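Hi everyone, thanks for coming. Today I'd like to walk you through the aromatic rings in one protein model. Please have a look at it first.

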Amino acid sequence: SQTGWLERELQSAAGDRRVRHVFVVMHHGPFATGPHGGNPGVRAAWAPLFAAYGVDTVFSGHDHLYERLEHEGVRYVVSGGGGGPLYPRQEDPNWEDARASVYTESVHHFVRVQVAGAGVDMAAVRADGSLIETVRWQVAERRVRPRLLASSTARSPGAARRGTMWIALVSAAVCAGLATLWIGLRRRASLAGRKGS
């Protein structure tokens with residue numbers, strides 16, 4: 001199952017002393033206050049794993065806005081402002097989503113993450129280059145709680161291949177989105193330059 005695969009990957013990272021930071025990327029995240037809201041199934045199955053294995057940040061999209069949320073020591077970032085129509089925040093979001101929400105802005109943007117040793121510097125930047133917010137943190141040591149699920153089953157070669165394929169597909173989707181955002185920002189800058197001259 002995806003949950004079993006996820007826990008095995010998080011266990012592997014927790015057992016590797018070279019790994020200081022763990023970031024998770026998905027499309028429909030567990031928490032959000034946009035019109036789609038958080039995914040209750042993902043929230044129930046995966047949010048406890050993210051907290052237990054000391055995940056730094058979970059990045060998602062789905063709702064076309066910027067939002068930063070926090071739940072049980074884990075940061076959640078919704079970054080869906082890459083160029084499509086923007087979505088407003090729900091007037092009456094689910095209470096779990098609302099409680100986790102720290103900051104929301106319906107704006108075209110991108111998120112930049114810089115890692116230097118134990119330090120992480122995350123900046124959310126509007127399409128016009130202005131800063132939405134910055135968040136900085138240090139990880140002295142990975143916060144790993146005891147394993148939650150009894151999923152210590154050895155990986156089969158097929159499961160490992162499926163996991164690798166899934167990572168490749170997610171990476172390709174993220175890269176395509178970033179490339180689209182970059183092209184859009186370059187076009188806007190070029191048009192702004194032409195208007196100014």
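Let's start with F59: at 15% relative accessibility, this residue counts as buried, where buried means under 20% relative accessible area, exposed means over 50%, and partly exposed is in between, using a 1.4 Å probe and protein chains only. F23, by contrast, has a relative accessible area of 30%, so F23 is partly exposed.

A quick word on the source: this is a predicted model, where local features need pLDDT of at least 70, side-chain atom pairs count only at pLDDT 80 or more, and totals for chains, interfaces and linings use all residues. Residues are numbered from 1 along each chain as its sequence is written, and side-chain values use heavy atoms, leaving out hydrogens and water.

Now, when do rings pair? Rings of Phe, Tyr and Trp (its six-membered ring) pair if their centres lie within 6.5 Å; planes under 30 degrees apart are stacked, over 60 edge-to-face, and the rest tilted. How many aromatic pairs does this rule give? The count is four. In one of them, the ring centres of F23 and F59 are 6.2 Å apart with planes at 35°, so that pair is tilted.

Next, F31 and Y76: their ring centres lie 4.9 Å apart and their planes are at 65°, so this pair is edge-to-face. Both F31 and Y76 are buried. Ring pairs also bring in F50, making a cluster of F31, F50 and Y76.

Finally, look at R75, which lies over the face of W137, 3.7 Å from the ring centre. The rule here asks for NZ of Lys or CZ of Arg within 6 Å of the ring centre and within 35 degrees of the ring normal. Thanks for listening!
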